[in-house]
Amino acid sequence: MIITKVELIPVSTPLVKPFIMPGTRITHIHSVLLKLHTDEGIVGYGDSGDTSTWYRGETQESMTAMIANHIAPAFLIGQDPLAIEKIVGQMDTFVRDNNQAKALVDFALHDLKGKALGVPVYQLLGGKNADASVQGWVASAGPVDQVVAEAVQAHENGFCLIKLKSDGNSDHDVDNVREVRAALGDSARIVVDANGFWNYDQALKTMRRLDRYGMECIEQPVPHWDIEGMARLRTRIDTPIFADESAQELHNIREIIERRAADGLFIKMQKAGGLLKAQRWLTMARLADMAVMSGCMIGSGLEASPSAHLMIANNWASQFTHENLGPLIINNQWENAEQKITQDIALNVPVFADGKLYPNEGPGFGIELNEEFIASHITEGKQTVTVGELVGV
């Protein structure tokens, strides 16, 4: 079996309710849908999830260009799609950074391989450690009363952890945590995510005010490059620090471990560069005895699937709480077991119920594409890019 054609489809999915972060108001998820076609008729799917110039530095245009102009002709067309280790190794050797683009390729390869072998992706990753992954809720930034109301609803709907997004205003962040703690009680697990937008001085002063509220952790309090600052901060506050933007490549993880800069780590499949590299990433975390939470780039049921499969297969990761909520955030829902999601790239979105995520059981990611939705949500002014048999490559 060989790969004969690569399709890259730019899709923009509207959010029912905007999601607010520091300096960012997300109204649409601008993603890239990848289809890998083979000479045996098996097609592998992947969805990049939302693109972000400030988080990953990648866009629909950059991912499409990198895959269509470089990765596809050099490492995909005419190649064996089951040789995932070889293809990922070639991408890492000859394509610097661009981890979201690499992850998109990795996702589609795993989906294709699962379909070829007739097994779910979680079987490729070691089999089940759990039936579902426990999920925390990520609340959009906003007025205190709005944040508290969302946190209370999330808790009532079975989400055991509540993450509060900073809006860049330290006083507001403190108000949010204080009021959410009062509303939910002492046992509630609360996280604040600064997304690296605080400087060291701001982080220290804010965290000393927040320490009294017994938070689960503070996520990425300082810029991604300031691992030394994160290590200094960790010795001066009581709240555990989890690294997200700082924890990308394996050498970043090693530095965080060696500097004792964090108590735990946040992984995203797109940040790690795909499922294969994420497994190495998790091994580093396990060796350092560091808890791991898996987030998402906010995306479709297809985008949520790689993490959903890995988080129930990996023995280390399966014991922790994750935040892989893209379809729920997009559709402003708490579950989809009863309230089916129809506005999605996937026809059969994995099931979210009682604060847990259950991956689909079919071959590969078990995802069927909602071709009607995809066709009607092609990003305005853009079109599908095809490499392979249709263009004579």
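Here is a short talk between a reader and the author about helix packing and cavities in this predicted model.

Reader: Let's start with α7 and α8. What makes α7 roughly parallel to α8?

Author: Helix α7 (residues 200-210) and helix α8 (residues 227-234) pack at an angle of about 25 degrees, and their axes lie 11 Å apart. Angles under 35 degrees count as roughly parallel, so α7 is roughly parallel to α8. As for handedness, α7 and α8 cross in a right-handed way.

Reader: Which residues of α7 and α8 meet?

Author: On the α7 side you'll find Tyr200, Ala203 and Leu204, and they meet Gly229, Arg232 and Leu233 of α8. By class, this contact of α7 with α8 has four nonpolar residues, one polar and one charged.

Reader: How do you know which one is the charged residue in that contact?

Author: Asp, Glu, Lys and Arg count as charged, and Arg232 of α8 is in the contact. Gly counts as polar, which is where Gly229 fits in.

Reader: Now to α1 and α2. Why is α1 called oblique to α2?

Author: Helix α1 (residues 60-76) and helix α2 (residues 84-94) cross at roughly 135 degrees, with axes that come within 10 Å. Roughly antiparallel would need an angle over 145 degrees, and roughly perpendicular covers 65 to 115. The crossing fits neither, so α1 is oblique to α2. The crossing of α1 and α2 is right-handed.

Reader: What do α1 and α2 touch each other with?

Author: Ile71, Phe75 and Leu76 in α1 meet Ile87, Gln90, Met91 and Phe94 in α2. The contact of α1 with α2 counts six nonpolar residues, one polar and no charged ones.

Reader: And what makes α1 oblique to α3?

Author: The axes of α1 and helix α3 (residues 99-117) cross at roughly 55 degrees and come within 10 Å. Under 35 degrees would be roughly parallel, and roughly perpendicular starts at 65, so α1 is oblique to α3. Here α1 passes α3 in a right-handed crossing.

Reader: Which residues make the contact of α1 with α3?

Author: From α1 come Met63, Ile67, Ile71 and Leu76, while α3 brings Gln100, Ala101, Leu104 and Val105. These split into seven nonpolar, one polar and no charged residues.

Reader: Let's turn to empty space. How many cavities of 30 Å³ or more does the structure hold?

Author: Two. The largest cavity has a volume of about 40 Å³, and the second largest has about 30 Å³.

Reader: What makes each of them a cavity rather than a pocket?

Author: A cavity is a space where a 1.4 Å probe fits but cannot get out, whereas a pocket is open. Both spaces are counted as cavities, so a probe inside them has no way out.

Reader: What lines the largest cavity?

Author: Its lining is made of Phe107, Met269, Gln270, Gly295, Cys296, Glu303, Ala304, Ser307 and Asn324. α10 (269-272) and α12 (301-313) each supply at least two of these residues, and α12 gives the largest share, three residues. The lining of the largest cavity divides into four nonpolar, four polar and one charged.

Reader: How do you know which residue of that lining is the charged one?

Author: Glu is one of the residue types that count as charged, and Glu303 is in the lining of the largest cavity.

Reader: What about the second largest cavity: which residues line that one?

Author: Thr13, Ile29, Ser31, Asp47, Gly299, Ser300, Ile330 and Ile345 line the second largest cavity. They divide into three nonpolar, four polar and one charged. Asp counts as charged, so the charged one is Asp47.

Methods:
Residues are numbered from 1 along each chain as its sequence is written. This is a predicted model: local features need pLDDT of at least 70, side-chain atom pairs count only at pLDDT 80 or more; totals for chains, interfaces and linings use all residues. Side-chain values use heavy atoms; hydrogens and water are left out. Axes are lines fitted to C-alpha atoms, for helices over the stretch in contact, and angles run from 0 to 180 degrees between N-to-C directions. Helices (H or I, at least four residues) and strands (E, at least two) are DSSP runs, numbered from the N terminus. A crossing is left-handed if the near helix is turned anticlockwise from the far one by less than a right angle, and right-handed if clockwise. Contact means heavy atoms within 4.5 Å. On a 1 Å grid over the protein atoms alone, a cavity is a set of points where a 1.4 Å probe fits but cannot get out, and a pocket is an open set with protein on both sides within 12 Å along at least five of seven lines; lining residues have an atom within 4 Å of a point. Grid points are joined across faces, edges and corners, and a volume is the space filled by probe spheres set on the points.
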